[in-house]
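Welcome! Work through the exercises below at your own pace, trying each task before you read its solution.

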Amino acid sequence: MGAADEELLSRYLDGDERAFEELVVRYEARVRNLVIRLLKDYSLAEDVAQETFLTVHRRARNFRGSGTFRSWLFRIAINRAQDELRRRNRRREVELERDRPWPEPAARTHEGLDARWDTARALDALRPEHRLAIVLREVEGLSYREIAETLGWPLGTVQARIHRGRLELRALLEEKDALPRR
Amino acid sequence: MLCRDDEKISAWIDAELSQEEAERVAIHVERCSTCRELASSFRSLREGLGLEVEPDPGFVVRFRERRDEPLWKWRRVGLRLLPFAAGALVAALITVWAAAQQETDLTVLEREAIGNDTVFARATPEPVLLIALEPFPGEVP
């Protein structure tokens, strides 16, 4: 593969902008994906993702290196997404996501596609802490330790929230199957 | 009825247990249909998740443009909204002067530097969407 994240960051701090751009290319899809899962909104993902990388670009010197670069990057993405949520709440543009009704399923074209859609929609309905834990684990593939680093949670809390998130997902999906067609 | 310590099932499928513990759970799962079913359903959840976005080669190009913009240019707002944004900026500055020790949106980046999200505790009650996070230990305050 390429150079390690921390090495690229180090090169950037020595003045190599291309090294930083390599980090952007490496992580842009994952940051956008994380932001989408947090905001449940595709349209804002670009802005928030860009702001994330700009923040990292500005604050690179502050990175102490006791955790991984990517846990720091994801933490900044989460903070940026939460800033956007607060702005949104002030504008009162969104109802509480927990009260959002279950949307009508899209046209059923393929069994596998349908399952993916359902799980993604169920993820949107999870409690925020559970959703965050599940996204970092199952979507971003972080270890428990990295999730603990990223969020500042104890390891036990990480494990518990991943577990409860999965139980909640399972319950939501089972409930949906049991619902009559609307 | 779930077994006690069923949290270990999650840790097991995530390969987060020590080898000794993993073996113990594996043996248990073999004998316990409830836990076996739980592990299996958790694994199939994983198939429904994953990256939903494709890599976007244009992203880094747009990043370069934003990075190279002069600082005074208002990035997030169109130029036609600039007077409105200027008015909002004045209002925000007045708020800062009026409440010297309170944190506002203008100090978001400073808060980033110290990873301090305790502002959530001081603001008006936040909706459940937001998650209070501890300071990030890997960043210089």
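**Exercise 1: Cysteines**

B:C35 counts as buried, with a relative accessibility of 3%; buried means under 20% relative accessible area, exposed over 50%, and partly exposed in between (1.4 Å probe, protein chains only). Before going on, note that this is a predicted model, in which local features need pLDDT of at least 70 and side-chain atom pairs count only at pLDDT 80 or more, while totals for chains, interfaces and linings use all residues. Residues are numbered from 1 along each chain as its sequence is written, chains are lettered from A and ligands numbered from 1 in the order in which they are written, and side-chain values use heavy atoms, leaving out hydrogens and water.

Task: Is B:C32 buried or exposed, and how many disulfides does the structure hold?

Solution.
1. B:C32 has a relative accessible area of 13%, so it is buried.
2. A disulfide is a covalent bond between the sulfur atoms of two cysteines; here the test is a pair of cysteine sulfur atoms within 2.5 Å.
3. Over all chains, the count of disulfides is zero.

**Exercise 2: A helix with two sides**

Task: Find which residues of helix α4 of chain B are buried and which are exposed.

Solution.
1. Helix α4 spans residues 57–68 of chain B; helices (H or I, at least four residues) and strands (E, at least two) are DSSP runs, numbered from the N terminus.
2. Its buried residues are B:F59, B:V60, B:F63, B:R66 and B:R67. They fall within an arc of 120 degrees seen down the axis of α4(B), so they line one face of the helix; the arc is that of the directions from the helix axis to the C-beta atoms.
3. On the other side, B:P57, B:E65 and B:D68 are exposed.
4. The cover over the buried residues includes α2 (17–39) and α3 (45–59) of chain A, where contact means heavy atoms within 4.5 Å.

**Exercise 3: A glutamate and its contacts**

Task: Which residues is A:E168 in contact with, leaving aside its neighbours within four places in sequence?

Solution.
1. Start in helix α8 (residues 155–178) of chain A, where A:E168 lies.
2. The contacts of A:E168 beyond those neighbours are A:A125, A:L126, A:R127 and A:H130.
3. A:L126 is 42 residues from A:E168 in sequence, yet their C-alpha atoms are 7.0 Å apart.

**Exercise 4: An unusual phi**

Task: Where does B:A15 lie?

Solution.
1. Look in the loop between α1 (7–13) and α2 (19–31) of chain B.
2. B:A15 has a positive phi of about 55 degrees, although it is not a glycine.
3. Most residues other than glycine have a negative phi.
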